[in-house]
Amino acid sequence: MHRWLTDPDYAPPGGESVTALISRVGAVLAGLAAGTHRMVVDQAVVRAAVVHALELPAAAFWRLDVRPDTVTTLTGRLGRWNLQLGRPLDAP
């Protein structure tokens, strides 16, 4: 457990490393067509998307706290992302 939490390249048996998750989520973001997309995802996917979009080091993944039942918004174009965090689900 310690190694998985401290080494982003470590993949537990039968699992995926944090680095691989960030890469996989980044590929999905890069492949989105222009326009608005809404996704309901696990907190780990939100962390991975933020790390990828803001070009943070993979070690930052575990430092991001994603509140349940909130909306995280990534906006941008041409590979430049902006981030809005923590909007309640029922907010306009």
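A charge sits over a ring if CZ of Arg is within 6 Å of the ring centre and within 35 degrees of the ring normal. Keep that in mind for the first close-up, and remember throughout that this is a predicted model.

**View 1. Arg47 holds its charge over the ring of Phe61.** The charged end of Arg47 is 5.6 Å from the centre of the Phe61 ring. Is Phe61 buried or exposed? Phe61 is buried, because its relative accessible area is just 2%. Arg47 belongs to helix α3, and it appears among the buried residues of that helix.

**View 2. Trp4, Phe61 and Trp62 gather into one aromatic cluster.** Searching the whole structure turns up two aromatic pairs. Let's start with Trp4 and Trp62, whose ring centres are 5.0 Å apart and whose planes make an angle of 75 degrees. What do we call that arrangement? It's edge-to-face. This pair ties together distant parts of the chain: Trp4 sits in helix α1 (residues 2–6), while Trp62 sits in the loop between α3 (43–53) and β1 (70–77), 58 residues away. Phe61 and Trp62 make an edge-to-face pair too, with 4.9 Å from centre to centre and 90 degrees between the planes. As for how much of each tryptophan shows, Trp4 is partly exposed at 27% relative accessible area, and Trp62 is partly exposed at 29%. If you're wondering where these numbers come from, a pair of aromatic rings is described by the distance of the centres and the angle of the planes.

**View 3. Ten residues make up the largest nonpolar core.** Look for Val18, Leu21, Ile22, Val25, Leu29, Ala44, Ala48, Ala49, Val51 and Phe61. Which elements give two or more residues to this core? They are α2 and α3. The largest share comes from α2, which supplies five residues. Zoom in on Val25 and, once you set aside its neighbours within four places in sequence, you'll find it in contact with Val45, Ala48 and Ala49. Phe61, the residue under the charge of Arg47, is a member of this core as well. In soluble globular proteins, nonpolar side chains tend to be buried together.

**View 4. Helix α3 is largely enclosed by the rest of the structure.** Why do we say that about α3? Eight of its eleven residues are buried, so the rest of the structure largely encloses the helix. Those buried residues are Ala44, Val46, Arg47, Ala48, Ala49, Val50, Val51 and Ala53. Now go to the start of the helix, where a side-chain oxygen of Asp42 comes within 3.0 Å of the backbone nitrogen of Ala44. After the helix you meet Glu55, with a positive phi near 55 degrees.

**View 5. Glu55 and Asp69 have positive phi values without being glycines.** Glu55 has a phi of about 55 degrees, and Asp69 also comes out at about 55 degrees. Where is Glu55? You'll find it in the loop between α3 and β1, and Asp69 lies in the loop between α3 and β1 too. Glu55 counts as exposed, because its relative accessibility is 66%. Asp69 is exposed as well, at 61%.

**View 6. Ser17 is tucked into the loop between α1 and α2 (18–30).** Is Ser17 buried or exposed? With a relative accessibility of 8%, Ser17 counts as buried. A polar atom of its side chain lies 3.0 Å from the backbone nitrogen of Ala20. Leaving out residues up to four places away in sequence, Ser17 touches Pro8, Asp9, Tyr10 and Ala11.

**View 7. Two salt bridges turn up in a search of the whole structure.** One of them joins the side chains of Glu16 and Arg24, with 2.8 Å from N to O. Both ends show to some extent: Glu16 is partly exposed at 31%, and Arg24 is partly exposed at 48%. In the other bridge, the side chains of Asp7 and Arg3 meet at 3.8 Å, again N to O. Asp7 is partly exposed, with a relative accessibility of 24%.

Technical notes:
Residues numbered from 1 in each chain as written. Predicted model: local features only at pLDDT ≥ 70, side-chain atom pairs only at ≥ 80, totals over all residues. Heavy atoms only, no water. Phe/Tyr/Trp six-rings, centres within 6.5 Å; stacked < 30°, edge-to-face > 60°. Helix = DSSP H or I, 4+ residues; strand = E, 2+ residues; numbered from the N terminus. Buried < 20%, exposed > 50% of the residue type's maximum accessible area, 1.4 Å probe, protein only. Polar contact = N/O pair within 3.5 Å; in protein donor to acceptor, adjacent residues only side chain to side chain. Contact = heavy atoms within 4.5 Å. Salt bridge = Lys/Arg side-chain N within 4 Å of Asp/Glu carboxyl O. Core = buried A, V, L, I, M, F, W, Y, C linked by side-chain atoms within 4.5 Å.
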